[in-house]
Amino acid sequence: MTSYRVTARRAGEWWALEVPDLPGVFSQARRLDKADEAAREAIAVMLDVETEDVEVRIEPVLPREAVRAIKAAEKAERAAEDARKAAQEAMQQAAATLTESLSQRDAGRVLGVSFQRVSQLLRARPGASAPKTAVKAAKAGRARAGHDERSGGQKRLQRGRELSG
């Protein structure tokens, strides 16, 4: 399958389509999203092949001011993406630093996010393992010392079973 470059220039309310590699092949489309089909049909007729055997790359020819505006928008998008990444890394670092001495719930309160978000931030850090907060470390120490880690509801349920049975 051969691929053809098709230039599309605005001409009033239409897009004028031209295939530079095939002199004399022209078409038009009302909308740019229809240019692909129109160009493929024109090429297929000229070459006497099926439209499915023709591939095109539509290249709109735009005024300089539009090209400058597009480039400025793309540059702004890249800058915004860089800023989002920097903000994400800063939040991850803040979450890691805070959870060295605070619970994830308290760290979330300080950061203005949920404790679940703090957990996500900690897991998303490069090379991060399961976060171990000061609270988790203290609970682990109590569990090793023989303390019961079950929640109050679990404890009451177990006591109820012991009494009834």
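Me: Where does Asp33 stand: is it buried or exposed?

Reply: The relative accessible area of Asp33 is 54%. Buried means under 20% relative accessible area, exposed over 50%, and partly exposed in between, with a 1.4 Å probe and protein chains only. Since 54% is over 50%, Asp33 is exposed.

Me: Before we go on, from which number are the residues of each chain counted?

Reply: This is a predicted model, in which local features need pLDDT of at least 70 and side-chain atom pairs count only at pLDDT 80 or more, while totals for chains, interfaces and linings use all residues. Side-chain values use heavy atoms, with hydrogens and water left out, and the residues of each chain, as its sequence is written, are numbered from 1.

Me: In what order do the elements of the chain run from the N terminus on?

Reply: Helices (H or I, at least four residues) and strands (E, at least two) are DSSP runs, numbered from the N terminus. The chain has six helices and four strands. From the N terminus on, the order is β-β-β-α-β-α-α-α-α-α.

Me: What share of the chain do buried residues make up?

Reply: The chain has 165 residues. Of these, the share that is buried comes to 19%.

Me: Back to Asp33, then: which residue does its side chain meet in a salt bridge?

Reply: A salt bridge is a side-chain nitrogen of Lys or Arg within 4 Å of a carboxyl oxygen of Asp or Glu. For Asp33, the N to O value is 2.9 Å. The partner, partly exposed at 46% relative accessibility, is Arg31.

Me: How many salt bridges are there by this rule?

Reply: Side chains of opposite charge can pair when their charged atoms come close. One such pair is Asp33 and Arg31. By this rule, the count of salt bridges is five.

Me: Another of these pairs has Glu59 in it; which residue meets Glu59 in a salt bridge?

Reply: Glu59 is in strand E4 (54-61), and its partner is in strand E1 (residues 2-11), 54 residues apart, so that the pair links distant parts of the chain. Glu59 is partly exposed at 30% relative accessibility, and 30% is also the value for the partner. At 3.1 Å, N to O, the residue that Glu59 meets is Arg5.

Me: And how far apart in space are Arg9 and Glu59?

Reply: Arg9 is found in strand E1 and counts as partly exposed at 41% relative accessibility. In sequence, Arg9 and Glu59 are 50 residues apart. In space, C-alpha to C-alpha, the value is 8.8 Å.

Me: Let's turn to helix H1; with which residue does Arg40 form a salt bridge?

Reply: Both partners lie in helix H1, four residues apart, about one turn of the helix. An α-helix has 3.6 residues a turn, so residues three or four places apart point the same way. Arg40 is partly exposed at 22%, and its partner is partly exposed at 32%. With the closest N and O atoms 3.5 Å apart, that partner is Asp36.

Me: After H1 comes a loop; what phi does Asp48 have?

Reply: Asp48 is found in the loop between H1 and E4. At 72% relative accessibility, Asp48 counts as exposed. Although Asp48 is not a glycine, its phi is positive, at about 55 degrees.

Me: Which buried residues does helix H3 have?

Reply: Helix H3 covers residues 104-111. Its buried residues span an arc of only 100 degrees around the axis (taken from the directions from the helix axis to the C-beta atoms), which puts them on the same side of H3. On the other side, Arg105, Arg109 and Val110 are exposed. The buried ones are Gln104, Ala107 and Gly108.

Me: Which residue takes a positive phi just after H3?

Reply: The place to look is just after the end of H3. There, with a phi of about 80 degrees, is Gly112.

Me: One last stop: how far apart in space are Ser119 and Ala96?

Reply: Ser119 is found in helix H4 (residues 115-124) and is buried, with a relative accessible area of 15%. In sequence, Ser119 and Ala96 are 23 residues apart. C-alpha to C-alpha, their separation in space is 9.5 Å.
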